[in-house]
Amino acid sequence: TDNSTDDAPRTEGDQVSAFVRFSKLQAHSADPSQPDGSLIGYNGLQVLLIPWQEFWTVIDPVNFCCDEAAVAVGNCTAEEVGQFMIMRGQHPTLYKRTVKFRAEGEQATSRSVVIPDTGVYLLLLSNCGNFEQATMTGTVVVKNPHGFLPGNEYAKLPFFLYLSVAYVVLGLVWFSWSVRWWTELFAIQHCIAVVILLGLIESTCSYALYKDWNAEGERGLFLFGCSILFAVAKRIFSYMLVLVASLGWGVTKPHLERSTILKIEAICFVYIVLDSIKDFVSAFRQSHAVPGLLWFLAVLPVSLLNGGIFFWTFTALANLMDTLEQRRQTAKLELFRRLWRVLAISLATAGLSMVYQIVVDNRDHGLGNWTTAWVAVDGVPHVLFFGVLAVMMYLWKPNA
């Protein structure tokens, strides 16, 4: 995805236009009997840049290549036989270049193509000739006015910056409460501090990842790994925190049963593995054209596990509220009733977001609404998590 000059987010020092640079693209023969020098006149290899919205209007979906039959009906010219066919009469904003075999020692040239309009572009490589043992060398560089980040990823850069600042504020508030009531703190309140810290580290790593990617043009593996690691750790730690609180730990029970602890440990291990796989697949879903089925298979196990955790949490919460009501502990009962409402609203919102993501977003592989697709994938879950954490801070704030 590319942002044109007019529509791209701007910061001081940005370049003027989005562009794609094709550097030293050159074909090579993998057939020893036909060296590169013998294929200098071969014109079957092309690189094309076509706007996604215009793709199916400028090509023949039945026959991509120009042949004698296509020439006969006027879809292409005789000079284009054996090349990728752009339907005659169509004049989209695109780039088409034949990648040539060259004599030994001869170097290919480079060329930059300015992207005039914001949108999704398809980079295609075609071979409509009769030589099948060809390889290609060279580089393709895509850069937007704001930097190297794809247009559909750029909005995450300021989002994670603001989220990091918000976690700093939460941390300062919780720290001030904890210092004031240091002698009154109990286990759950220490766990809340850990969740805040994990959220801050995750959002900071994500911001650093996108900042570095935008500047360098590649996703840094270390920052990428850190962002996934702390995201998964934050989620599972917070889920287990709510679960053990709902089971009555520190409220009606000083300790949980050994069998319950083993179940929680097993869930944590499985969740860390499955959620890491899901995050990894989702991160490369569009850049590496991950098939929808593979993405679904990566998301489904985590969704089912989340459903099991939420079911256990709500069941335990209902039993805990019954116990508190029987013991006439009205203050604690009201606290957990509020927690139940918050969790129910958050779960319903997350469910609607997931339905939107699967049903609406997947109708066109997320390309039709690429500017806002990140909201359902990243924005809603992070905002929901932050909101639930803030409510839990309020409900369990230290006091006398």
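The exercises below, each with a worked solution, concern a predicted model.

**Exercise 1. Determine how the spans of helices H4 and H5 compare with the expected values, and state which residue follows each helix.**

Begin with H4, which covers residues 187-216 and contains 30 residues. From its first C-alpha to its last, H4 reaches 43 Å, which is close to the 44 Å expected at 1.5 Å a residue. Next take H5, where 26 residues reach 38 Å between the first and last C-alpha, close to the expected 38 Å. Finally, look past the ends of the two helices: H4 is followed by Gly217, with a positive phi near 90°, and H5 is followed by Gly248, whose phi is also positive, near 100°.

**Exercise 2. Describe the largest nonpolar core, identify which element gives the largest share of it, and list the contacts of Leu339.**

The background is a general tendency: in soluble globular proteins, nonpolar side chains tend to be buried together. In this model the largest nonpolar core has 40 residues, and those with the most contacts inside it are Ile192, Phe336, Leu339, Leu389 and Trp396. Two or more residues are given to this core by each of H3, H4, H5, H7, H8 and H9, and the largest share, 8 residues, comes from H9. To follow one of the residues in detail, take Leu339, which touches Leu317, Met392, Leu395 and Trp396 when residues up to four places away in sequence are not counted. A second core, separate from the one just described, has 17 residues and includes Ala18, Tyr42, Phe101 and Tyr121.

**Exercise 3. Trace the salt-bridge network that contains Arg235, and decide whether Asp275 and Arg235 are buried or exposed.**

The structure holds 9 salt bridges, and the one to start from joins the side chains of Asp275 and Arg235, with an N to O distance of 2.7 Å. This pair links distant parts of the chain, since Asp275 lies in helix H6 (residues 258-283) and Arg235 in helix H5, 40 residues apart. Both Asp275 and Arg235 are buried. The next step is the salt bridge between Asp279 and Lys278, whose closest N and O atoms are 3.1 Å apart, and these two residues are likewise buried. Through shared partners, salt bridges join Arg235, Asp275, Lys278 and Asp279 into one network.

**Exercise 4. Explain why Glu257 and Lys253 count as partly exposed, and give the distance in their salt bridge.**

Partly exposed is the class between 20% and 50% relative accessible area. Glu257 therefore counts as partly exposed, because its relative accessibility is 40%, and Lys253 belongs to that class because its relative accessible area is 28%. The two residues form a salt bridge in which the closest N and O atoms are 3.8 Å apart.

**Exercise 5. Locate Lys24 and Arg328, both with positive phi, and classify their accessibility.**

Most residues other than glycine have a negative phi, and most peptide bonds are trans. Lys24, in strand E1 (residues 18-29), has a positive phi near 50°; with a relative accessible area of 49%, Lys24 is partly exposed. Arg328, in the loop between H7 and H8, has a positive phi of about 60° although it is not a glycine; with a relative accessible area of 73%, Arg328 is exposed.

**Exercise 6. Identify the residues of the nonpolar surface patch that includes Val165.**

The patch is formed by Leu161, Tyr162, Val165, Val169 and Val173, which together have about 440 Å² of accessible area. Val165 itself lies in helix H3 (residues 156-180) and, at 47% relative accessibility, counts as partly exposed.

Key: Residues numbered from 1 in each chain as written. Predicted model: local features only at pLDDT ≥ 70, side-chain atom pairs only at ≥ 80, totals over all residues. Heavy atoms only, no water. Helix = DSSP H or I, 4+ residues; strand = E, 2+ residues; numbered from the N terminus. Expected span 1.5 Å × (residues − 1). Patch = residues over 30% accessible without salt bridge, like charges linked within 9 Å, V, L, I, M, F, W, Y side chains within 5 Å. Areas by Shrake-Rupley, 256 points an atom, 1.4 Å probe, with all protein chains shown as cover. Salt bridge = Lys/Arg side-chain N within 4 Å of Asp/Glu carboxyl O. Buried < 20%, exposed > 50% of the residue type's maximum accessible area, 1.4 Å probe, protein only. Core = buried A, V, L, I, M, F, W, Y, C linked by side-chain atoms within 4.5 Å. Contact = heavy atoms within 4.5 Å.
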